[in-house]
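Student: I'd like a close look at one spot in this model, and then a walk outwards from there. Can you keep it casual and spell out the cut-offs as you go?

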Amino acid sequence: MTANLLEFDLEGLAVFCEALGEKRFRATQLFRWIHQRGASDFGQMSDLAKSLRDKLTTSAHIRALPVLSEHISADGTIKWLFDVGDGNAVESVFIPEDDRGTLCVSSQAGCAVGCRFCSTGHQGFSRNLSTAEIVAQLWFAEHFLRKHLQTQDRVISNVVMMGMGEPLQNYSALIPALRVMLNDHGYGLSRRRVTVSTSGVVPMIDRLAQDCPVALAVSLHAPTDDLRDPLVPLNRKYPIDELLQSCVRYLEHAPRDFITFEYCMLDGVNDQPAHAQSLIELVQAHARQGLRCKFNLIPFNPFPASGLLRSAPAKVQSFAKMLLEAGIVTTIRKTRGDDIDAACGQLAGDVKDRTRVQERIAQQRSGSVIPIAPVSH
Ligand code: SF4
């Protein structure tokens with residue numbers, strides 16, 4: 001079996017080149033071809049010696065994930081469903097805005113955390129993605145978009161690890177993938193423009209601070225343990241106080257001087273004035289220990305199995321107003337891609353129905369579904 005070179009960060013690729021009897025610096029050339037130019041054909045890599053290209057042809061490949069579907073929303077949001085084998089599929093979402101292009105990337109097929117308001121969580125956990133499967137989402141999307149927008153310039157300016165899965169429960173695959181995103185010979189994204197979103201895996205937040213401190217978003221969703229336990233079951237293991245203390249420690253290494261707290265607004269569950277008040281008290285108590293944060297209020301995207309409803313816009317506004325008046329920076333997330341189920345917490349809409357995914361995979365393999373043409377690979 002040959003190696004998929006999307007699996008390697010630059011150091012990993014240098015080790016791979018050495019194992020082929022090549023100098024380490026060849027890895028930099030190869031890395032640029034793969035990530036900056038989107039090449040998958042070693043024959044294209046004209047500044048590599050023919051002997052190296054021959055060795056690579058027999059020992060390696062560069063392969064995107066098969067695309068099962070692509071949906072483009074009226075607002076320009078694009079959602080791709082990728083086949084990761086054995087009836088599993090993961091989704092990535094591109095969100096264009098005036099000043100940025102953000103790709104939301106998945107880290108696992110399914111998720112073991114099982115948050116009550118999350119469609120992926122209801123699907124259950126299948127498996128961790130490999131580094132190659134995480135990187136392939138960015139590699140495909142970036143070069144697909146460049147081709148379709150007919151530009152050589154970078155299209156994706158920000159990556160958020162907020163797709164399917166809890167990235168900090170797939171740590172060993174996540175770190176090399178982040179390094180590919182940050183490397184100047186790869187995608188050259190600054191640490192501020194790459195965000196890991198976690199439901200609160202405290203020991204791994206501490207490790208991330210040491211290994212690759214990118215921007216951090218924490219799915220908080222409740223001001224007290226009593227309320228958070230049933231919404232985010234991981235809270236039973238790492239309660240709010242421990243989580244916020246780890247956020248304070250993370251800030252010593254973070255590229256931004258605040259942590260973003262995500263708060264999904266659930267009608268009658270966590271959206272009352274009393275909840276806003278206890279959130280304010282929680283933040284103020286931890287501010288004394290060094291916590292700096294901002295809140296992002298997320299309108300819930302209902303799905304039948306959740307038994308939950310979206311808070312009325314007026315409730316979200318008054319919740320935000322209370323936080324703002326207490327001096328807490330608060331934004332309300334604009335929902336994007338609603339019409340294609342690409343909004344936050346909706347990922348896995350297609351995947352939930354395994355039979356349908358398996359049918360799609362079978363159709364694609366038999367040629368009865370025309371796959372979306374990859375860029376140059
Ligand atoms: S919100 Fe995140 S951590 Fe929770 S179940 Fe969904 S994907 Fe997993």
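Is Gly327 buried or exposed?

Tutor: Gly327 counts as exposed, since its relative accessibility is 62%. The cut-offs here are under 20% relative accessible area for buried, over 50% for exposed and partly exposed in between, using a 1.4 Å probe and protein chains only. Before we go on, bear in mind that this is a predicted model: local features need pLDDT of at least 70, side-chain atom pairs count only at pLDDT 80 or more, and totals for chains, interfaces and linings use all residues. Residues are numbered from 1 along each chain as its sequence is written, and side-chain values use heavy atoms, with hydrogens and water left out.

Gly327 sits in the loop between H11 and strand E14 (329-332). Those labels are DSSP runs numbered from the N terminus: helices (H or I) have at least four residues, strands (E) at least two. Along the chain Gly327 is 47 residues from Ile280, yet their C-alpha atoms are 9.1 Å apart in space.

Now step back into H11 itself. Phe319 in helix H11 (residues 313-325) and Tyr263 in strand E12 (residues 259-265) belong to parts 56 residues apart in sequence, so their ring pair ties those parts together. The two rings are 5.1 Å apart centre to centre, with 35 degrees between the planes, which makes the pair tilted. For the record, rings of Phe, Tyr and Trp (its six-membered ring) pair if their centres lie within 6.5 Å; planes under 30 degrees apart are stacked, over 60 edge-to-face, and the rest tilted. Unlike the exposed Gly327, Tyr263 and Phe319 are both buried. Theirs is one of eight aromatic pairs in the structure. Elsewhere, ring pairs join Trp80, Phe82, Phe140 and Phe144 into a cluster.

Go the other way from Gly327, past E14, and you come to another loop. Arg336 lies in it, between E14 and helix H12 (354-366). With 16% relative accessibility, Arg336 counts as buried. Its C-alpha is 6.8 Å from that of Thr77, although the two are 259 residues apart in sequence.

That long reach fits the chain-wide picture. Of the contacts between residues at least 6 apart in sequence, 66% join residues at least 24 apart; contact means heavy atoms within 4.5 Å. The chain has twelve helices and 14 strands, and 56% of its 377 residues are buried.

Two other loops are worth a look for their backbone angles. Gln150, between helix H5 (131-149) and strand E9 (158-161), has a phi near 50 degrees, a positive value in a residue other than glycine. His221 also isn't a glycine and has a positive phi, about 65 degrees; you'll find His221 between strand E11 (215-219) and helix H8 (225-231). Gln150 counts as exposed at 74% relative accessibility, whereas His221 is buried at 3%.

For helix packing, try H7 and H9. Two packed helices are described by the angle between their axes and the distance between the axes. Helix H7 (residues 202-211) and helix H9 (residues 240-251) have axes that come within 9 Å and cross at roughly 0 degrees, so they are roughly parallel to each other. On the H7 side, the contact is made by Val202, Ile205, Asp206, Leu208 and Ala209, and on the H9 side by Glu242, Leu243, Ser246, Arg249 and Tyr250. As for how this is worked out, axes are lines fitted to C-alpha atoms, for helices over the stretch in contact, with angles from 0 to 180 degrees between N-to-C directions. Under 35 degrees is roughly parallel, over 145 roughly antiparallel, 65 to 115 roughly perpendicular, and the rest oblique.

Last stop: the N-terminal end. Helix H1 (residues 10-19) has Leu10, Gly12, Leu13, Ala14, Phe16 and Cys17 buried. Their cover includes strand E1 (3-4), helix H2 (26-36), helix H3 (50-59) and strand E2 (60-61). Phe31 is in H2 and counts as buried at 0% relative accessibility. Beyond neighbours within four places in sequence, Phe31 contacts Phe8, Asp9, Leu10, Leu13, Gln36, Val180, Asn183, His185 and Gly186. From the C-alpha of Phe31 to that of Ala14, 17 residues away along the chain, the separation is 9.4 Å. After H1 comes Gly21, with a positive phi near 85 degrees.
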